[in-house]
Amino acid sequence: MADRVVKEAVGVRPSDDPPASPGRPGPDDDAGQARAVDLIADGVRGVPPDQVPARLCEVAVRLLPVSGASASLRGDGVPVRLCASGERAGQLAEIQATLGEGPSVHAAATGLPVLVHDLTRGADAVRWPVYAQQITAAGVRAVYALPLGTDAMCVGTLDLYRDTPGTLTPAELHTARLVAGVLTVALMALPREDEADRVDGQSWLNGLATGHDEVYRAVGMIMAQLGVGTDEALARLRAHAFAGGRTVREAAQEVLTHRHRFDTEER
């Protein structure tokens, strides 16, 4: 599966990639591009289909000057974390899911790459001030969010985290886009809920939605408790999570297990 997925992804890569930097893989360096393709293919060769996305996050960290990578599926208001290169990268992804803002959220909404070069100062620091404060406190200085999907539909993002400010070179950006392209093709090749190839008796994509469903069940309970609409209920849940230093999923669990009720907050 690995070689087929990589070949298909190379076939759909963006045609407007910038020129390559000398000595690095890029669209105008056939040998360099071939090396990048081989490294990606080697990274996922022999890996079960449901583990390919996580392996690609690990490959991205090896290929690029970043300290972590994660991928999220686009959700209604809350990104659904798909995989991460490690525990820290997973925690970084949860920051955006909790706040509802950041490069990944914007890239998913627009279908365009969002390359944030320095979250400590300038326009990047003030674009999402709360997110910038949270993510820099975790040691991250730059984030690159690349959309997953096609020109017609964005299904999620590949997020790359860097501990120092800086830009990606044209060749590095091309490699990042190639990884995102392979990840897109891998997602399209995975079994859906109604297909026979399942993990532990169920579609693995269906299993991913568990945390996402918990958030929206909690939102429904908040709507009933306060008599408000979906947007306000989700905003109240996020505020509660932020105030308590929790993720939005942890806050949702508190609501679902009746450890917190919003209609008693002001009593």
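Select Arg81, Glu94 and Arg249: in this predicted model these three residues are linked in a network of salt bridges. Zoom in on Glu94 and Arg249, whose closest N and O atoms are 3.7 Å apart. Glu94 sits in helix H4, while Arg249 belongs to helix H11 (residues 248-256), so the salt bridge joins distant parts of the chain, 155 residues apart. Turn on the surface around Glu94: with a relative accessible area of 9%, Glu94 is buried, because the cut-off for that class is under 20%.

Stay on helix H4, which spans residues 87-99, and select Arg88. Its salt-bridge partner is Asp163, with 3.2 Å between the closest N and O atoms. Asp163 lies in the loop between strand E5 (154-162) and helix H8 (170-189), so this pair ties together parts that are 75 residues apart in sequence. Is the pair buried or exposed? Neither class applies: Arg88 is partly exposed at 32% relative accessible area, and Asp163 is partly exposed at 34%.

Next, go to helix H3 (residues 52-63) and select Arg55 and Glu58. These two form a salt bridge in which the closest N and O atoms are 3.5 Å apart. Both residues are in helix H3, three residues apart, so about one helical turn separates them. Colour by accessibility: Glu58 is partly exposed at 32%, and Arg55 is partly exposed at 29%.

To finish, display every salt bridge in the model; the count comes to six. Among them are Glu94 with Arg249, Arg88 with Asp163 and Glu58 with Arg55.

Terms used
Residues are numbered from 1 along each chain as its sequence is written. This is a predicted model: local features need pLDDT of at least 70, side-chain atom pairs count only at pLDDT 80 or more; totals for chains, interfaces and linings use all residues. Side-chain values use heavy atoms; hydrogens and water are left out. A salt bridge is a side-chain nitrogen of Lys or Arg within 4 Å of a carboxyl oxygen of Asp or Glu. Helices (H or I, at least four residues) and strands (E, at least two) are DSSP runs, numbered from the N terminus. Buried means under 20% relative accessible area, exposed over 50%, partly exposed in between (1.4 Å probe, protein chains only).
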